[in-house]
Amino acid sequence: MSMYNFAKEQYAAIGVDTEMAINKLDEIPISMHCWQGDDVKGFEGGESLSGGIQSTGNHPGAAANVDELRAMIENALKVIPGQSRINLHAIYGDVKNVERNLIEPKHFKAWIDWAKEQNLALDFNPTLFSHPKSKDGMTLSHPDKGIRDFWVEHCKRSRQIAECFTSSQESKAVVNLWIADGFKDAPVDTLTPRLRYLNALDEIYAEKRDIIDAIESKLFGIGVESYTVGSHEFYLAYAVKNKLALCLDAGHFHPTEVISAKISAVSLFVERLLLHVSRPVRWDSDHVVMLDDELVAIAKEIIRNDLLNRVHIGLDFFDGSIDRISAWAVGMRNMRKALLIALLEPFPTLKESEWSFDFTKRLVLLEELKAMPWQAVWNEYCLRKDVPAIYK
């Protein structure tokens, strides 16, 4: 008997159909972030990061241009099973010597053509960091209206570009907005920047487009340790009020908080969620995603609560200390492994035990699941997708 057939029988004994799990797993799209390939530098001509963000490491092989980046992505996808999307920042188009408030769909035509050739869908992000107009620690909440207007226009154009992505693919592009605006030390006026930002957001989202808009909070950033304009409370309220997707980044909360604990709660109030799956080590340090307890917990919250049609999964890490293609491969494969583990849970049985107050049965089954042969199901899935079951 093959390992897979053995696993299939084992799971059938507890009411789990491995074939159904494999088929469902293969349908779940995961958006792979392009910025791991070059440490978030982009192709405007800049050499350093600024504005509450940084990448560490000097491993050789960072992409020096768009062609190199796309080639790296193609190599990574060769060992990543399942549906993948590619998530772009605005600084990754043909944008050298193009100001960010002047970017147009034509600057991303090569990406659109490439995505069609590769049978990939694209997502997008306006880039509000590493720019002279973000050097004061503020962009869309800046007291200078001229600076705010510059970034409003950049975000509007980013949404227009993403709508062109939507028109060229079978699914809507997800457009995520994150800003690093805030103060290094405690401000006395916490309200005024948020009022300015609120007005800027209203202007950005005034025009409806055929995309999925998401907004992303952060507890603090480099240089804005004491106060961020875009707090979790601000964005949650704005997303609910304006029917936008709420982005939960695994590294953007207090070290004792986890986004798995937030998913079911916020899903009651927002129509869609975007997850930026990362691995914080003491702070938002964006390490490559490991198959750890939190990653599995995130996947289980999605699967258990039947949120696949409302949750968009994307990765967000940039580790320049290791091979960048391997970083993508490890992170993407681990996210899919976590989803498989979640799909192989006999959730109806666990739920029934819980609501009949049979906590003993629930505990026993959850513990036995830890030793179930999910790896054999993963190996079978990889075999069918013609990718290596073990990445070397």
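The following exchange asks what lies behind the labels given to parts of this predicted model.

In this model, residues are numbered from 1 along each chain as its sequence is written, and side-chain values use heavy atoms, leaving out hydrogens and water. Local features need pLDDT of at least 70 and side-chain atom pairs count only at pLDDT 80 or more, while totals for chains, interfaces and linings use all residues.

Me: Why is Cys-34 called buried?
Reply: Buried means under 20% relative accessible area, exposed means over 50%, and partly exposed is in between (1.4 Å probe, protein chains only). Cys-34 has 1% relative accessibility, so Cys-34 counts as buried.

Me: What makes the count of disulfides zero?
Reply: A disulfide is a pair of cysteine sulfur atoms within 2.5 Å. By this rule the count is zero. For Cys-34, the nearest cysteine sulfur is that of Cys-247, 15 Å away. The sulfur of Cys-247 has its closest cysteine sulfur in Cys-155, at 15 Å, which is too far for a bond. Cys-247 is also buried, at 1% relative accessible area.

Me: Why are Lys-385 and Asp-26 called a salt bridge?
Reply: The term requires a side-chain nitrogen of Lys or Arg within 4 Å of a carboxyl oxygen of Asp or Glu. For Lys-385 and Asp-26 the N to O distance is 3.1 Å. Lys-385 is in helix α13 (residues 374-385) and Asp-26 in helix α2 (residues 18-27), so the pair ties together parts 359 residues apart in sequence. Helices here are DSSP runs (H or I, at least four residues), as are strands (E, at least two), numbered from the N terminus.

Me: Which label, buried or exposed, fits each partner in the salt bridge of Asp-67 and Arg-70?
Reply: Their side chains meet at 3.5 Å, N to O, and both residues lie in helix α3, three residues apart. Asp-67, at 56% relative accessible area, is exposed, whereas Arg-70, at 9%, is buried.

Me: How do you know that β4 and β6 pair?
Reply: Two strands pair if DSSP finds at least two bridges between them. Strands β4 and β6 (residues 212-216) have four bridges, in the parallel sense. The bridge partner of Leu-177 in β6 is Ile-215.

Me: What makes Phe-150 a contact of Asn-101?
Reply: Contact means heavy atoms within 4.5 Å. Leaving aside neighbours within four places in sequence, Asn-101 is in contact with Phe-150, Glu-153, His-154 and Arg-157. Asn-101 itself lies in the loop between β2 (84-89) and α4 (109-118).
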